[in-house]
Amino acid sequence: GSSSAHGRRGETRRPLREDSPMVPLLIRVFAALLTGTVFSQSVEFTQQYLQRLGGAVDELEMVVERFDAGAARAGVSRHAALKRLRGNSDPLAARQGEDAATTIVRYEELARRYSDLLDAAPLFRPFVALGDPDWAMTARAGDDYRPALPVTVDGFVLTAAGFGLGWAFGASAYGAARMGRRRIRRQAREG
């Protein structure tokens with residue numbers, strides 16, 4: 001019989017050494033698979049983030065429209081209505097003015113992000129979202145996120161890009177580590 005230390009024909013298996021040709025390959029494959037997986041999921045995550053943004057924009061738009069309609073019925077602009085509420089001596093009315101101003105700013109920020117994502121090509125949406133994320137919305141999307149297979153062309157392209165980037169990163173990391181070890185050995189021999 002053979003034990004775990006022996007391979008076929010009674011040969012002893014040796015653990016992978018750092019100079020084995022398998023080490024850089026394993027590092028590259030691991031990095032490529034990890035990065036490819038992350039990139040492949042970015043399309044689905046961005047889609048879920050976009051849907052959350054759209055829902056929030058729709059809801060806040062109704063609130064802002066009601067505020068604007070109330071201001072119009074009072075014969076004032078949005079700005080004048082906010083100023084009147086915030087300057088009110090009644091703390092409740094003043095607080096309502098602050099809340100309305102905060103809601104309007106939030107609506108405008110989310111509407112801008114939503115519009116930016118819709119204007120971007122689907123392939124680039126993950127990068128647009130990453131460039132200007134709404135962290136609260138991102139966290140909620142992440143809480144509910146479930147991985148999906150990348151079955152769209154964009155998903156496949158991002159998966160391939162991530163795989164390639166991971167492969168390059170793995171090769172670079174291995175090369176940098178190997179150069180560091182060589183430098184240490186050379187200094188030990190010289191010193």
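What share of the contacts in the protein chain with a separation of 6 or more comes from residues 24 or more positions apart? The legends below start with that one.

**Figure 1. The whole chain, an all-helix run of elements from the N terminus on.** This is a predicted model. Residues 24 or more positions apart account for 72% of the chain's contacts with a separation of 6 or more. Count up the secondary structure and you get six helices and zero strands. Read from the N terminus, the order is simply α-α-α-α-α-α. The chain has 191 residues, and 28% of them are buried. On the outside, the protein chain exposes about 12,900 Å², with carbon and sulfur atoms supplying 60% of that area.

**Figure 2. A look into the largest pocket.** Rolling a probe the size of a water molecule over the atoms shows where empty space is left. Here, the largest pocket comes out with a volume of about 300 Å³. Its lining is made of 14 residues, and those nearest the centre are Ser42, Phe45, Thr46, Pro126 and Leu130. Two or more lining residues come from each of helix 1 (22-73), helix 4 (125-131) and helix 5 (135-144). Helix 1 gives the most, with seven residues. Sort the lining by class and you find ten nonpolar residues, four polar ones and no charged ones.

**Figure 3. Helix 2 packed against helix 3.** Two packed helices are described by the angle between their axes and the distance between the axes. For helix 2 (residues 78-86) and helix 3 (residues 91-119), the angle is about 145° and the axes are 6 Å apart. On the helix 2 side, the contact is made by Arg78, Leu82, Leu85 and Arg86. Helix 3 brings Ala93, Ala94, Gly97, Glu98, Ala100, Ala101, Ile104 and Glu108. Taken by class, the residues of this contact are seven nonpolar, one polar and four charged.

**Figure 4. Zooming in on Tyr114 of helix 3.** Is Tyr114 buried or exposed? Neither label fits: Tyr114 is partly exposed, because its relative accessible area of 24% falls between the 20% limit for buried and the 50% limit for exposed. Skip its neighbours within four places in sequence, and Tyr114 is in contact with Leu50, Leu53, Gly54 and Val57. Ala129 makes a handy landmark too: Tyr114 and Ala129 are 15 residues apart in sequence, and their C-alpha atoms are 9.2 Å apart in space.

**Figure 5. Zooming in on Val157 of helix 6.** Val157 is found in helix 6, which covers residues 153-190. With a relative accessible area of 39%, Val157 is partly exposed. Now find Gly36: Val157 and Gly36 are 121 residues apart in sequence. In space, though, the distance between Val157 and Gly36 is 9.9 Å, C-alpha to C-alpha.

Terms used. Residues numbered from 1 in each chain as written. Predicted model: local features only at pLDDT ≥ 70, side-chain atom pairs only at ≥ 80, totals over all residues. Heavy atoms only, no water. 1 Å grid on protein atoms, 1.4 Å probe; cavity = no way out; pocket = protein on both sides within 12 Å on 5 of 7 lines; lining within 4 Å. Points joined across faces, edges and corners; volume = space filled by probe spheres on them. Helix = DSSP H or I, 4+ residues; strand = E, 2+ residues; numbered from the N terminus. Nonpolar A, V, L, I, M, F, W, Y, C, P; charged D, E, K, R; others polar. Buried < 20%, exposed > 50% of the residue type's maximum accessible area, 1.4 Å probe, protein only. Contact = heavy atoms within 4.5 Å. Areas by Shrake-Rupley, 256 points an atom, 1.4 Å probe, with all protein chains shown as cover. Axes fitted to C-alpha atoms, helices over the stretch in contact; angles between N-to-C directions.
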